[in-house]
Amino acid sequence: MIEYRNLRIALLGAGSVGSQVARLLLEQGEELASRVGAGLELIGIAVRDVDAPRDADLPRELFTTDARTLIQSADVVIELMGGIEPAREYILLAINSGADVVTGNKALLATHGPELFDAAAQVGAQLYYEAAAGGAIPIIRPLRDSLAGDRVRRVMGIVNGTTNFILDRMDTEGDTFESALATATALGYAEADPTADVEGYDAAQKAAILASLAFHTAVPVEAVHREGITSITAGEVEAAKRAGFVVKLLAICERLTDAQTGVEGVSVRVHPALISRLHPLAAVHGAKNAVFVQAEAAGDLMFYGAGAGGLETASAVLGDLVSAARRHVAGGPGVGESTHANLPIFGIGAVNTRYQITLQVTDKPGVLAQVAGLFSEHSVSVEAVQQTVASAEPGRSPGEALTATLVIVTHEAPEAALSATVAAVSSNDAVVRVESVLRVEGDTP
Ligand code: NDP
Ligand code: HSE
């Protein structure tokens, strides 16, 4: 029997996600109430335009443009407007009015997370954000709670569905980047302005959130090294395929020890990379997301599912709502964010990785030794070299300017040494051009 008073739920935003949250809350409220031990009463939905068409049929009387008044009478505020302001102001108002907050706003958390967590800790409020990374995939709570007794060493994820869809089309259909992006736009995966997705900003925000949780360290989004996928060519994807790799946009958060100082820190980066076609992340197709976690005691864990979508993301939001509501019923202060480790954040230069470098070189005696010498000078060990068909350079006389393609895969080496090697190779006279430089990530199972 439910004896607790009804909890008042305010929803900010009724777009793709908010409209599904409102619908499910109205349709399944009784079931959720049984799980919480209190009724969940949706007291209002703040939007910009109360007459705008919605994805779900929702009672007109719930809508308001007066978010501030709505927030001040709520026990739990669900923020699904997106953007920085006024979302930040509304969340602070909610916390300071005694409400718990649920949000899916990765852009806000990645830029103003510490301010919001501090405000919540001051008053013992809860701030839940399962939807902010990986959409429907439960990954925030596993990192925050289930793995709280372990030491996470690495989190490697495909956390942007749009770019995974594009790269998957390039891999499976042989599309160019431009035609795959056009398909992603036509199918509604990519926004009209796809910059945040294809340039890696969205993935960098999610990486900052995941790294902060995994390493108990506040990682601001500015500390995330970011590269997008706009320069990935159909040729690179095809060559990767022939070599047993697939190109993915990866968010990689890892715990590192500085070789010189012995100091432990973290590094967070987002960039396209080659992974073995046998790696579990290679099987993540279309717009799906997945996060591969390596922890000292638990070993390898994989979380997979829909990284976006109104209905799918609503599942994560409602899970957070149930948690927040249960705490209201049970009482007691909220659990604050854990940033006790406060590890230093290392730049990309400190990372150890592998490179695959594809070069066009002049095909004459001694060139391979010359190129190999440049790797050796920078203490970069070569794992494999493949030389393919010699071809005549356009505009040169036959026989004089034959070129060969060299594909060189290195052993793991510091990023700084690898990039210095690429710079030296690029300016070598025997090198006609550097066709591609891609990092290689993940062990080959
Ligand atoms: P939408 O753009 O579809 O919806 C935004 C909603 O917020 C609209 O209803 C809009 O009102 C309302 N809104 C915007 N600004 C204001 C304001 N100043 N005052 C009041 N209401 C406002 O966003 P989504 O539903 O796609 O995303 C919501 C959040 O969830 C974002 O933080 C997003 O990053 C996150 N998220 C989204 C996912 C997805 O698949 N869409 C996946 C994971 C997370 P109106 O309708 O009147 O214009
Ligand atoms: N635009 C994001 C993606 C969805 O393509 O994954 C919301 O995070």
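**Close-up 1. Ile-348 and the residues it touches in this predicted model.** Setting aside neighbours within four places in sequence, Ile-348 is in contact with His-225, Arg-269, Glu-415 and Arg-439. You'll find Ile-348 in the loop between α12 and β13 (352-362). For a sense of scale, take Arg-242: Ile-348 and Arg-242 sit 106 residues apart in sequence, and their C-alpha atoms are 28 Å apart in space.

**Close-up 2. The chain split into its domains.** The domain assignment gives domain 1 two stretches, 7-136 and 311-330. Domain 2 covers 144-306, and domain 3 covers 351-441. Going by C-alpha atoms, the centres of domain 2 and domain 3 are 26 Å apart.

**Close-up 3. Where domain 2 meets domain 3.** On the domain 2 side, 19 residues make contact with 11 residues of domain 3. Together the two domains bury about 1100 Å², with carbon and sulfur atoms giving 59% of that area. Which three residues supply the most of the area that domain 2 buries against domain 3? They are Glu-236, Arg-269 and Leu-274, which supply 42% of it.

**Close-up 4. Salt bridges and polar contacts between domain 2 and domain 3.** There are 3 salt bridges between these two domains, along with 6 residue pairs in polar contact, both partners being at pLDDT 80 or more. Look for Arg-269 again here: it forms a salt bridge with Glu-441, and the closest N and O atoms are 2.8 Å apart. The elements giving two or more residues to the side of domain 2 that touches domain 3 are β7 (152-158), β9 (245-257) and β10 (264-276). Of these, β10 gives the most, with 7 residues. By residue type, that side of domain 2 divides into 11 nonpolar, 3 polar and 5 charged.

**Close-up 5. Helix α12 from end to end.** Does the span of α12 come from counting or from the coordinates? Try both: at 1.5 Å a residue, the 21 residues of α12 (residues 310-330) should span 30 Å, and the end C-alpha atoms are indeed 30 Å apart, so the two agree. Just after α12 comes Gly-331, with a positive phi of about 80°.

**Close-up 6. A salt bridge between two helices.** The structure holds 30 salt bridges, and one of them joins Glu-89 to Arg-68, with the closest N and O atoms 2.8 Å apart. This pair links distant parts of the chain: Glu-89 belongs to helix α4 (residues 87-96) and Arg-68 to helix α3 (residues 67-72), 21 residues apart.

**Close-up 7. Two spots with unusual backbone geometry.** Most residues other than glycine have a negative phi, and most peptide bonds are trans. Now check the bond from Glu-85 to Pro-86: this one is cis, with omega near 5°. Pro-86 is in the loop between β4 (76-79) and α4. The other spot to look at is His-216, a residue other than glycine whose phi is positive, near 50°. His-216 lies in the loop between α10 (201-215) and β8 (225-226).

Methods: Residues numbered from 1 in each chain as written. Chains lettered and ligands numbered in written order. Predicted model: local features only at pLDDT ≥ 70, side-chain atom pairs only at ≥ 80, totals over all residues. Heavy atoms only, no water. Domains from an automatic or database assignment. Contact = heavy atoms within 4.5 Å. Buried area = accessible area lost by both parts, 1.4 Å probe. Salt bridge = Lys/Arg side-chain N within 4 Å of Asp/Glu carboxyl O. Polar contact = N/O pair within 3.5 Å; in protein donor to acceptor, adjacent residues only side chain to side chain. Helix = DSSP H or I, 4+ residues; strand = E, 2+ residues; numbered from the N terminus. Nonpolar A, V, L, I, M, F, W, Y, C, P; charged D, E, K, R; others polar. Expected span 1.5 Å × (residues − 1).
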